[in-house]
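User: I'm new to reading protein models and would like a close look at a single part of this one. Could you take me through it in plain words?

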Amino acid sequence: MTISKEHDLPRVQAHLLIHEQDNVLGKVNDRLSQCAFDFIAKYQFPIPLEQDKRPVQCPSDREWNEWVFLLKRLATKRRIPARVIYNGQIKQLVTILENSLEMRHAAKHQSRPSKDDRNVLQLISAGLQVAKILKDAACMEFMDTLYLETERLIQSRKASPAHLNQTIPGC
């Protein structure tokens, strides 16, 4: 078995510009924070007070990774009843939340490298899965619309030779 060196890997296309990726991922991050905030408020789960932070009054009072940590802790300590999760899949909740964590990193760290088209769409899809398991229909619709709009933009760029495609070394 031969191990490929990075320069031997095929290049993957990135049709979205960095600022477009940041915009899309920022929207996913903000909407997921709203989804978590709404879920916690609806079922009146406690939000621990943290000494160095103000009390939570709106979704932006915590970053996505903090919402994930809180939801995971509630799930692992069996504080979330199965009936409030899609198909009662409490164990799936933790996995789905962990899969969405990369999105927060991608949205908040401007120094990160450009993502290829499929990865951007995967991160939107991860957000859709969070919304689904938390039974947030409005968030699911938002994510689905964002996915379709982003996919359309990528397809239009693929069809347009005028757009200079970015290439990213293989993953």
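Are α1 and α4 roughly parallel or roughly antiparallel to each other?

Analyst: Happy to, and keep in mind that this is a predicted model. Start with the two helices: α1 covers residues 18-42 and α4 covers residues 117-133. They pack at an angle of about 10 degrees, and their axes are 10 Å apart. Angles under 35 degrees count as roughly parallel, so α1 and α4 are roughly parallel to each other.

Now for who is touching whom. On the α1 side, the contact is made by Gln21, Val24, Leu25, Val28, Leu32 and Cys35. On the α4 side you'll find Val120, Leu123, Ile124, Gly127, Val130 and Ala131. Sort them by class and the contact of α1 with α4 has 10 nonpolar residues and 2 polar ones, with no charged residues.

While you're looking at α1 (residues 18-42), check out the rings too. The whole structure has 4 aromatic pairs. One of them joins Phe39 and Phe45: this pair is tilted, with 5.7 Å centre to centre and 35 degrees between the planes. Phe39 is buried, because its relative accessible area is just 3%, and Phe45 is buried as well, at 11%. Phe45 also pairs with Tyr43, again in a tilted way, at 6.1 Å centre to centre and 40 degrees between the planes. Tyr43, though, is partly exposed, with a relative accessible area of 27%. Put these ring pairs together and Phe39, Tyr43 and Phe45 are linked into a cluster.

How values were computed. Residues are numbered from 1 along each chain as its sequence is written. This is a predicted model: local features need pLDDT of at least 70, side-chain atom pairs count only at pLDDT 80 or more; totals for chains, interfaces and linings use all residues. Side-chain values use heavy atoms; hydrogens and water are left out. Axes are lines fitted to C-alpha atoms, for helices over the stretch in contact, and angles run from 0 to 180 degrees between N-to-C directions. Helices (H or I, at least four residues) and strands (E, at least two) are DSSP runs, numbered from the N terminus. Angles under 35 degrees count as roughly parallel, over 145 as roughly antiparallel, 65 to 115 as roughly perpendicular and the rest as oblique. Contact means heavy atoms within 4.5 Å. Ala, Val, Leu, Ile, Met, Phe, Trp, Tyr, Cys and Pro count as nonpolar, Asp, Glu, Lys and Arg as charged, and the others, Gly among them, as polar. Rings of Phe, Tyr and Trp (its six-membered ring) pair if their centres lie within 6.5 Å; planes under 30 degrees apart count as stacked, over 60 as edge-to-face and the rest as tilted. Buried means under 20% relative accessible area, exposed over 50%, partly exposed in between (1.4 Å probe, protein chains only).
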